[in-house]
Amino acid sequence: MRESLGERIFANINVILLTIIGLISLFPFYYVLINSFADPIEAASKSFILFPETFTLSAYEYIFSTKTFIRSLGVSAYLAIFGTALSLMVSAAFAYMISRKRLFGHKVLMIALLITILFSPGIIPNYLVIRELGLMDSLWSIILPGLLSGWNALLLKTFFDGIPESLEESAHIDGANDLRIFFQIILPLSLPALAAFGLFFAVGYWNTFFNALLYISDPDKRPLQVLLQGMLVMSETGIGDPTAGAEAGQQVPPQTIKMAAVIIATVPILIVYPFLQKHFAKGVMLGSVKG
Amino acid sequence: MKVANFQAKKPIQRQNKVWNKLKRDRYLYLLGLPGLLCMIIFKYTPMWGVLIAFQDYSPFLGFLKSEWVGFENFTLFFNNPDFFMLLRNTLAINLLSLVFFFPVPIILSLMLNEVRNEVFKRTIQSIVYLPHFLSWVIIAGLTFTMFSTGEGLVNNVLISLGFDRIEWLTTPEYFWGFLTGQSIWKEAGWGTVIFLAAMANVDPQLYEAARIDGANRIQQMWSITIPAIQNVIIILLILKLGHIMDVGFEQVFLLQNSAVSSVSDVFDTYIYRVGVKQSQFSYTTAVGLFKSAIGLLLVILSNKMVKKAGGSGFY
């Protein structure tokens, strides 16, 4: 069936509007990226740069010459990798346990998990528990409370619900115990789901800000987001240590350095994004309302 | 050997049954143990800890020895002018989000659904989903890059066009608008995921039939697509009402400054400032408990309404 003139106009306006929306979504990145490569002298002489005339990596060179930034990058990478692996193990194992309906007490455990989603005691009691445990200024203060997040455990449980118990029963008959079944049958079967949740955990750890703000004051253990907050929001000029890169810092205006920092912090997300994208629509549907 | 006493037989058997189950599933319990411990320590201990809201808690005396003061911290809070400011800011920010943010993902997904070119559609989708995965620190950084008074792009463009600078981020009148705008930029694209999924479930035959009957694209959207997502809209709206006391700490905290403090403080930023920074633990635990209790009530109510509206709720 041919489209009428009205329909074609409608379709074209729609495409134009969506293109504009796409550009609005991308423009801040474009601007930041362009300016992170801008020549400091050009950046200082012009009030804004939309198209680069010069191209330099000096802002990036400066950032990677500072110990502070490298250390924060390391902390965030450590949290994202180690924290994700631990969270995934703990959450998946717990979710598997409560997904087995034959288990004595599985209902009680399920309700206990739901309560943690429905009621949060607030910032201060959490803060005091971390303090009493002596975890202040330790990266465990960020990892341990996040090991079992109620939502993710619930979603994982929904996923494990779909694995029939008869599968284990036959493994039981063959003499495998639950540990073996979990590690050698269930986990390999769930790899796609685990990959999706792993990526979500990793993004979460990479973006950790609030907990680090509360619990970490040692500059050596500051995750990237906290360092960025200092640079971008509080406009502290220096990420430079007193030793390294101080002289370089005088040549490069802070603005290009800020931009480069934003880009560096975003790149890991952009790298995992294609993998993430394959899974998230399913993940969202799993956890949300079915209309 | 058989048990002679008939009446004692039943409870013993039952005990054995439970014991046998526990023993049979011992490895399953072992698997769940680390998670269980985390839950007890990091989720349930703090729940017990909210009791310091009824104490004059002193870190030196500890929880057990601190003096109990009943509802004193709560009366203190309710009589504090800050209470109304926090409540007003929280409700205002959420109502603005309800009016201006909430419809955007719906409109956006209707637009995306009308695109016939799959490549273009996927490209736009990937682009608008992306900001969801960035931290609020990055979003705040981008906001400053665009709108700060000194170096912000918007002001520099205004200047070069011969206008005056505008103090976007230090004018209280603009603050709520900026929060709403940030939310739209970051989350509107992500919000389309669920609507697009609902639209994908519509039977294509319905559209064909409508076209044969002479319905144009707008009419098809109006009488097929929108009714198809109607339930999802209602359910998400109700769920959002359940969270009307929640404003994300990070978003507000990162954007606020002393010039806009009267409109920017919400419960969580207040708790952080007064509780953590000034160590007023009992008082701010009371503030937090008030917020959590209202939140719990609203979530339970909204979940009930979701179930009435035909959704599955989330528990």
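**View 1. Annotated transmembrane spans of chain A in the predicted model.** UniProt positions follow the numbering used here, with shortened feature names, and the annotations may be inferred rather than shown by experiment. In this predicted model, the unreviewed UniProt entry lists "transmembrane region" for residues 12-33, 75-96, 108-130, 181-206 and 257-276 of chain A. Residues 75-96 of chain A are 100% helix and 0% strand (DSSP runs numbered from the N terminus: helices are H or I with at least four residues, strands E with at least two), and the C-alpha atoms at the two ends of this span are 30 Å apart. For residues 108-130 of chain A the helix content is 83% and the strand content 0%, while the end C-alpha atoms are separated by 26 Å.

**View 2. Annotated spans of chain B.** For chain B, the unreviewed UniProt entry gives "transmembrane region" for several stretches, including residues 174-200 and residues 281-301. The span 174-200 of chain B is 100% helix and 0% strand, with its end C-alpha atoms 38 Å apart. Residues 281-301 of chain B are likewise 100% helix and 0% strand, and here the end C-alpha atoms are 30 Å apart. The unreviewed UniProt entry also records "domain: ABC transmembrane type-1" for residues 87-302 of chain B, a stretch that is 77% helix and 0% strand in the model and whose end C-alpha atoms lie 20 Å apart.

**View 3. The contact between chain A and chain B.** The two chains meet through 97 residues from chain A and 95 residues from chain B, where contact means heavy atoms within 4.5 Å. About 8700 Å² is buried between chain A and chain B (the accessible area, with a 1.4 Å probe, lost on putting the two together, summed over both), and carbon and sulfur atoms give 78% of that buried area.

**View 4. Arg102(A) and its two acidic partners.** The structure holds 16 salt bridges over all chains (a side-chain nitrogen of Lys or Arg within 4 Å of a carboxyl oxygen of Asp or Glu), and one salt bridge is counted between chain A and chain B. Arg102(A) forms a salt bridge across the chains with Asp25(B), the closest N and O atoms being 3.0 Å apart. Within chain A, Arg102(A) also forms a salt bridge with Asp178(A), here with the closest N and O atoms 3.4 Å apart. Because Asp178(A) lies in helix H10 (residues 178-189) of chain A and Arg102(A) in the loop between helix H4 (67-99) and helix H5 (106-118) of chain A, the pair ties together parts that are 76 residues apart in sequence.

**View 5. Confidence along the chains.** The model scores ipTM 0.89 and pTM 0.89. Chain A averages a pLDDT (the predictor's confidence in each residue, from 0 to 100) of 86, and 88% of the residues score at least 70. In chain A, confidence is highest in helix H7 (residues 140-143), at 97, and lowest in helix H14 (residues 246-251), at a mean of 42. Over residues 236-252 of chain A the pLDDT is below 50, although this stretch has 30 contacts in the model beyond near neighbours in sequence. Residues 287-291 of chain A also have a pLDDT below 50, with 14 contacts beyond near neighbours in sequence. Where pLDDT is low, the predicted coordinates should not be read in detail. For chain B the mean pLDDT is 91, and 95% of its residues reach 70 or more.

**Notes.** Residues are numbered from 1 along each chain as its sequence is written, and chains are lettered from A and ligands numbered from 1 in the order in which they are written. Local features need pLDDT of at least 70 and side-chain atom pairs 80 or more, while totals for chains, interfaces and linings use all residues, and side-chain values use heavy atoms, without hydrogens and water.
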